[in-house]
Amino acid sequence: MKVLVIGGGAREHALCRSLSQDPAVTELHCAPGNAGIAQVATVHPVDQLDGAQVTALATALGAQLVVVGPEAPLVAGVADAVRAAGVAVFGPSAEAARLEGSKAFAKDVMAAAGVPTARSYVCTTAAEAAKALDAFGAPYVVKDDGLAAGKGVVVTSDRDEALAHAAACGQVVIEEYLDGPEVSLFAITDGSTVLPLQPAQDFKRALDGDQGPNTGGMGAYSPLPWAPEGLVEEVLATVLQPTVDELRRRGTPFSGLLYAGLALTSRGTRVIEFNARFGDPETQVVLARLRTPLAGVLHASATGTLDQLEPLRWDEGAAVTVVIASKGYPAAPRTGDPIEGLAEAEAADGTAYVLHAGTKAAEDGRVLSAGGRVLSVTATGAGLAEARERAYRSVERISLAGGQHRGDIALKAAQ
């Protein structure tokens, strides 16, 4: 199978790494890719938001499967363009991707499907926002209705800060605060069959102890030893399958990766948000534990044959990923700094490896930072403590001027 992956972050590097290890994949391409992806796939320059460009590349390569990684191309309809050209594509249509592209749309779908979620108001004016904030009280949760690369949510006890965020966004969803730990659960679906993956937890705040500003994610781990028994089965029955069924009922079937961000509250499991693609950095740890070859699973989703797959096989051990971010991230990330020690950070036995997020290759062969989140250092082990120790040992071998990372990824869960 010839496979083309669209995107250029650590999520796409994780996807490409898994696909490169699949014996069924005879050619692997990525557009636009990054310096790390170029080591496992042939990279091509492309505007990933341009459906015509992506389709032309897929056709020219003779790709038999296109995997769309990021949310922006999905919301822009890139999967629709590729599908219309007769190429199998992993990723939902623009209409179905509104589940991530519009928080208000997602709330409407959840209400129709009976999916448990936070009570909320959709607000477009300052007066509406103020009324909603006062209805729920602190801590305030204000979400930009549209795409914001994981940084459109403000959770604060400062009413003025909440109002300012609402004013900056235009249309927002203001909702009740959900207590309890958060869980990320991915599911692969073809629009009918839903195949849940293993749960993970990510760390959104920039600093240790969940302090500092919200980010796209500073690390993740899987499995979750503290998760209640039967959680995956419960979420499949009450969240994932009803949502997929409702979208199919509306005539906009969702095929691809459905990501449920969940809060395990004192009143039961609640959906915080849906995403329409693999999450970053959770993908890094979930794929590290997946033993079933990836290409066949994604192709089954793209071709409506998930019900014919054998059950997924998983490594019984654990995986931890630690994000190294650039100086100034997330407010004003500095780019162009050289990265040293990448080879030294890789374990010869494959138990620790580096996935590139925001990197580019310089003309002199050096690897430079090219984004806010620069690297995802990922490691596996028999348990979380071993995986964590291996990940941080690799992190210490990498040098990036001004680079920053959290020191407490998976710490509590490993103890």
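## Tyr-259 and its ring partner

In this predicted model, Tyr-259 counts as buried, at 4% relative accessibility. Phe-186 is buried as well, with a relative accessible area of 1%. These two residues form a tilted aromatic pair, with 5.1 Å centre to centre and 35 degrees between the planes. The pair links distant parts of the chain: Phe-186 sits in strand S10 (residues 182-189) and Tyr-259 in strand S16 (residues 256-265), 73 residues apart.

## A cluster of rings

The count of aromatic pairs comes to 5. One of them joins Phe-90 and Phe-278, tilted at 35 degrees between the planes and 6.0 Å centre to centre. Phe-90 belongs to strand S5 (residues 89-90) and Phe-278 to the loop between S17 and helix H10 (282-289), so this pair ties together parts that are 188 residues apart in sequence. Phe-90 has a relative accessible area of 2% and is buried; Phe-278, at 3%, is buried too.

Ring pairs link Phe-90, Phe-186, Tyr-259 and Phe-278 into a cluster. Elsewhere, you can look for Arg-17 over the face of Tyr-353, 3.4 Å from the ring centre.

## Two cavities

The structure holds 2 cavities of 30 Å³ or more. The largest has about 60 Å³ of space, and its lining residues divide into 6 nonpolar, no polar and 5 charged. Helix H6 (103-113), strand S9 (172-175) and strand S17 (268-275) each give two or more residues to this lining, and H6 gives the most, with 4 residues.

The second largest cavity has about 50 Å³ of space. Phe-90 and Phe-278 reappear here, among the residues of the lining, which has 9 nonpolar, 2 polar and 1 charged residues.

Technical notes. Residues numbered from 1 in each chain as written. Predicted model: local features only at pLDDT ≥ 70, side-chain atom pairs only at ≥ 80, totals over all residues. Heavy atoms only, no water. 1 Å grid on protein atoms, 1.4 Å probe; cavity = no way out; pocket = protein on both sides within 12 Å on 5 of 7 lines; lining within 4 Å. Points joined across faces, edges and corners; volume = space filled by probe spheres on them. Nonpolar A, V, L, I, M, F, W, Y, C, P; charged D, E, K, R; others polar. Phe/Tyr/Trp six-rings, centres within 6.5 Å; stacked < 30°, edge-to-face > 60°. Buried < 20%, exposed > 50% of the residue type's maximum accessible area, 1.4 Å probe, protein only. Lys NZ or Arg CZ within 6 Å of the ring centre and 35° of its normal.
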